[in-house]
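Me: I should like to learn how to read a ligand site and the cavities of a protein model. Could we work through one case together?

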Amino acid sequence: MGETTKRRRGGPRSVADWTEGQPYDRITVEKATPTVGAYVSGVDLADVDDETVAEIRRALNENCVLFFRDQGMSVDEHISFGRRFGELDIHPAAPDSGAHREVLVIHADENSARANGEEWHSDVSCLPAPPMGSILHMHVVPPAGGDTLFSSMNAAYEALSDRMKAYLDGMTAVHDGAHIYGASDFSRKDGAEYPRAVHPVVRTHPETGRKCLFVNRGFTTRLSGVPRDESDAVLEYLYRHMEHPNFQVRFTWQPGSVAFWDNRSAQHRAIWDYWPHRRTGNRVTVQGDIPY
Ligand code: SIN
């Protein structure tokens, strides 16, 4: 299969291809809130054809995050589903060897000192080309709690004042992996450096053309080109703004639930309120583009 054909599998990949509000033939999509998130039913993610993948991609572009129930995928089927949307990233803190290196195990139990993703973030935004999306398949859930929050970064951007939009126009920010991984369960044992990148504070979604805020508490360490105190104050303002409940949806997991989120247009935060109970799932991460 030629490169062009491969890149186009799974539906629209450019702004020119993008149309919103078309009906779905292969899947049922029900909005979770007017702004962000949708429940998708009528699909077995272990067995999807090209048309279904294209509709899932379109639904993701429209809703930032999709929720599926009762998915019985094996690890290999999970990887195959992820690959329908692009190459899979290997997490910067993944072990150097072993099977299924593209799978990140998300796990917390009575022995955990922390849980993954407890701070608002967009996955691995410290990479030069951060992931387009992440697909988390939950296997074990606690008796209560362990929800995940998602927030629309397009809605957050649109709600900024025109003066703030003008201030941020053309500004860049530093995203540093050491800031989050250095002191976590993902810390490197080999002494190698974590990725670090400079990205626009406002990025353009490559498929919808929408503008999205692209700084996050997890990875962003400072705004470029302004004094440290100004950077700290503006970033704190943006974080508080983007965490407003109006831009959010909250997902309650069940065994077999899948969330597929778009890291270009959404941030998320895992809630660790279930200690000492166990919560376990597998995540694969689809490669993305250099933000612009
Ligand atoms: C993550 O991928 O950041 C973790 C999300 C979660 O555990 O809900």
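Reply: The turns below take the ligand and then the cavities of this predicted model.

Me: Which residues surround the ligand?

Reply: The shell is formed by Ile106, Asn116, Gly117, His121, Asp123, Leu136, Thr148, Trp261, His268, Ala270, Arg279 and Arg283. By class, these comprise four nonpolar, five polar and three charged residues. Strands S14 (266-270) and S15 (279-286) each contribute at least two residues to the shell.

Me: Which polar side-chain atoms lie within 3.5 Å of an oxygen atom of the ligand?

Reply: A polar contact is a pair of N or O atoms within 3.5 Å. Here, a polar side-chain atom of His268 is 2.9 Å from a ligand oxygen. For Arg279, the corresponding distance is 2.7 Å, and for an N or O atom in the side chain of Arg283 it is 2.8 Å. Of the 260 Å² that the ligand exposes when taken alone, the protein buries 100%.

Me: How many cavities of 30 Å³ or more does the structure hold, and where is the ligand among them?

Reply: There are five such cavities, and the ligand takes up the space of the largest. That cavity holds about 100 Å³ of space.

Me: What is the volume of the second largest cavity, and which residues are closest to its centre?

Reply: Its volume is about 70 Å³. Among its 13 lining residues, Asp89, Ile90, His91, Arg283 and Thr285 are the closest to the centre. The lining has seven nonpolar, two polar and four charged residues, and strands S4 (103-108) and S15 each supply at least two of them.

Definitions and conventions:
Residues are numbered from 1 along each chain as its sequence is written. This is a predicted model: local features need pLDDT of at least 70, side-chain atom pairs count only at pLDDT 80 or more; totals for chains, interfaces and linings use all residues. Side-chain values use heavy atoms; hydrogens and water are left out. A residue is near a molecule or strand if one of its heavy atoms lies within 4 Å of it. A polar contact is a pair of N or O atoms within 3.5 Å; within protein, one must be able to donate a hydrogen and the other to accept it, and residues adjacent in sequence count only if both atoms are side-chain atoms. Accessible areas come from the Shrake-Rupley method with a 1.4 Å probe; for residues, only the protein chains shown count as cover. On a 1 Å grid over the protein atoms alone, a cavity is a set of points where a 1.4 Å probe fits but cannot get out, and a pocket is an open set with protein on both sides within 12 Å along at least five of seven lines; lining residues have an atom within 4 Å of a point. A molecule sits in a cavity or pocket if more than half of its atoms lie within 2 Å of its grid points. Helices (H or I, at least four residues) and strands (E, at least two) are DSSP runs, numbered from the N terminus. Ala, Val, Leu, Ile, Met, Phe, Trp, Tyr, Cys and Pro count as nonpolar, Asp, Glu, Lys and Arg as charged, and the others, Gly among them, as polar. Grid points are joined across faces, edges and corners, and a volume is the space filled by probe spheres set on the points.
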